[in-house]
Amino acid sequence: YGVEEVLITHPDRPPHVDPAQHWADALIKSKCITNLSALQTAINIRTMFMQHLVDEVKVLDSVFEKVIASTKPDVIVLDQMKAIPAVLLSGIPWVATCSFNPLIFLGDEVTPPPNSGLPASGPVSEWKAFTETTNSAQYPVWKAFDEWVQSKGLPPLAKDRFIYDSPYLNIYGYPLELDYLDIRPLPPKWYRFDNLKRTEQQQKFEIPVPLRGRPGKLVYFSMGSMGGTDLNLMKRLVTILSKSKHRFIVSKGPLHEEYDLP
């Protein structure tokens, strides 16, 4: 695609560590992939896992600063849940992208809180209780990060948020059928796409031979980048799929070597 790739190494991490394995381990260690309640899981995400993300930014900010200075990009596309001072203070226009549920970036009082699983139809009292509990739990992490970004010369973060909206452009990929546009409009300079995928290179896809002659629909199944780190869930799901009359191609996830397909 004509994009120059610059690989960076975390200064405190051995270079041979598989990034997918690292993030899988971080999610498991932070108890984000568990059988706990949605509330407790959200608290773990907002505290232990967010602390891990914040620590990453603090270490890599100087690395990003050097890469930006050496590559001099025309625009920076930032797919992150946290503000990165090196990007925001570079003077280069930057685009915020959200590759996960947009409620994490676009939460408000007319939509349910992110990670809650609560319905968009309410009751609002449950939304409020969930939000107050998770915000209270993450406050120490947020407060320390807000103080750090301000020490770098950035303005204060909005309370309970770890990133700013881009003054230039903000985009996210989320199917219209699942989005919340029917109950709240998008803020200025925010744009939704049904998906974010490459289409200009028409690569041919061949159905694998073992599936080619079988009956039933052909379904591609994925839990996204990191959902597959829940091994018990993946084993249960593929066992259920194996009983279907249809055919499945499974994206096994970062722990793909630790379980087999039926």
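Select Phe 193 in this predicted model; the residue belongs to strand β4, which spans residues 190–193. Its relative accessibility is 38%, so Phe 193 counts as partly exposed. Add Tyr 191 and Leu 196 to the selection: together with Phe 193 they make a nonpolar surface patch of about 320 Å².

Next, show Trp 190 with Phe 100, Phe 105 and Tyr 172. These four residues are linked into a cluster by ring pairs. The aromatic pairs of the structure number seven. Another of them is found by selecting Phe 145 and Trp 148, whose rings are stacked, with 5.8 Å centre to centre and 25 degrees between the planes. Both residues lie in helix α5 (residues 124–151), three residues apart, which means that about one helical turn separates them. Phe 145 is buried, at 0% relative accessibility. Trp 148 also counts as buried, at 15% relative accessibility.

Keep Phe 145 on display and add Phe 162. This pair is tilted, with 35 degrees between the planes and a centre-to-centre distance of 5.8 Å. Phe 145 is in helix α5, whereas Phe 162 is in the loop between α5 and β3 (169–173), so the pair ties together parts that are 17 residues apart in sequence. Which of the two, Phe 145 or Phe 162, is buried? Both are.

From Phe 162, step back to Arg 161 and display Asp 165 as well. Their side chains form a salt bridge, at 3.1 Å from N to O. Arg 161 is partly exposed, with a relative accessible area of 22%, and Asp 165 is likewise partly exposed, at 32% relative accessibility.

The structure has five salt bridges, and two others merit selection. Begin with Arg 184 and Asp 108, whose side chains meet at 3.6 Å, N to O. Arg 184 is in the loop between β3 and β4, and Asp 108 is in the loop between α4 (103–106) and α5, so this salt bridge ties together parts that are 76 residues apart in sequence. Is each partner buried or partly exposed? Arg 184 counts as buried, at 3% relative accessibility, whereas Asp 108 counts as partly exposed, at 34%.

Then select Arg 13 and Glu 56, a salt bridge in which the closest N and O atoms are 2.3 Å apart. Arg 13 lies in the segment before α1 (19–29) and Glu 56 in helix α2, so the pair ties together parts that are 43 residues apart in sequence. Arg 13 is partly exposed, at 21% relative accessibility; Glu 56 is buried, at 11%.

Remain on helix α2, which covers residues 38–71, and select Thr 41 within it. Thr 41 counts as buried, with 14% relative accessibility. When neighbours within four places in sequence are left aside, Thr 41 is in contact with Cys 32, Thr 34 and Leu 36.

Now move to Tyr 259 and show Lys 252. Lys 252 lies over the face of the Tyr 259 ring, at 4.9 Å from the ring centre.

Finally, display the whole protein. Its secondary structure consists of seven helices and six strands, which follow one another in the pattern α-α-β-α-β-α-α-β-β-α-β-α-β. The C-alpha atoms fill a box of roughly 60 × 50 × 35 Å along the principal axes. Of the 262 residues, 35% are buried. Among contacts between residues at least 6 apart in sequence, 54% join residues at least 24 apart. With the surface turned on, the protein exposes about 16200 Å², of which carbon and sulfur atoms supply 56%.

How values were computed
Residues are numbered from 1 along each chain as its sequence is written. This is a predicted model: local features need pLDDT of at least 70, side-chain atom pairs count only at pLDDT 80 or more; totals for chains, interfaces and linings use all residues. Side-chain values use heavy atoms; hydrogens and water are left out. Rings of Phe, Tyr and Trp (its six-membered ring) pair if their centres lie within 6.5 Å; planes under 30 degrees apart count as stacked, over 60 as edge-to-face and the rest as tilted. Helices (H or I, at least four residues) and strands (E, at least two) are DSSP runs, numbered from the N terminus. Buried means under 20% relative accessible area, exposed over 50%, partly exposed in between (1.4 Å probe, protein chains only). A charge sits over a ring if NZ of Lys or CZ of Arg is within 6 Å of the ring centre and within 35 degrees of the ring normal. Patches are made of residues with over 30% relative accessible area and no salt bridge: like charges are joined within 9 Å, nonpolar side chains (Val, Leu, Ile, Met, Phe, Trp, Tyr) within 5 Å. Accessible areas come from the Shrake-Rupley method with a 1.4 Å probe; for residues, only the protein chains shown count as cover. A salt bridge is a side-chain nitrogen of Lys or Arg within 4 Å of a carboxyl oxygen of Asp or Glu. Contact means heavy atoms within 4.5 Å.
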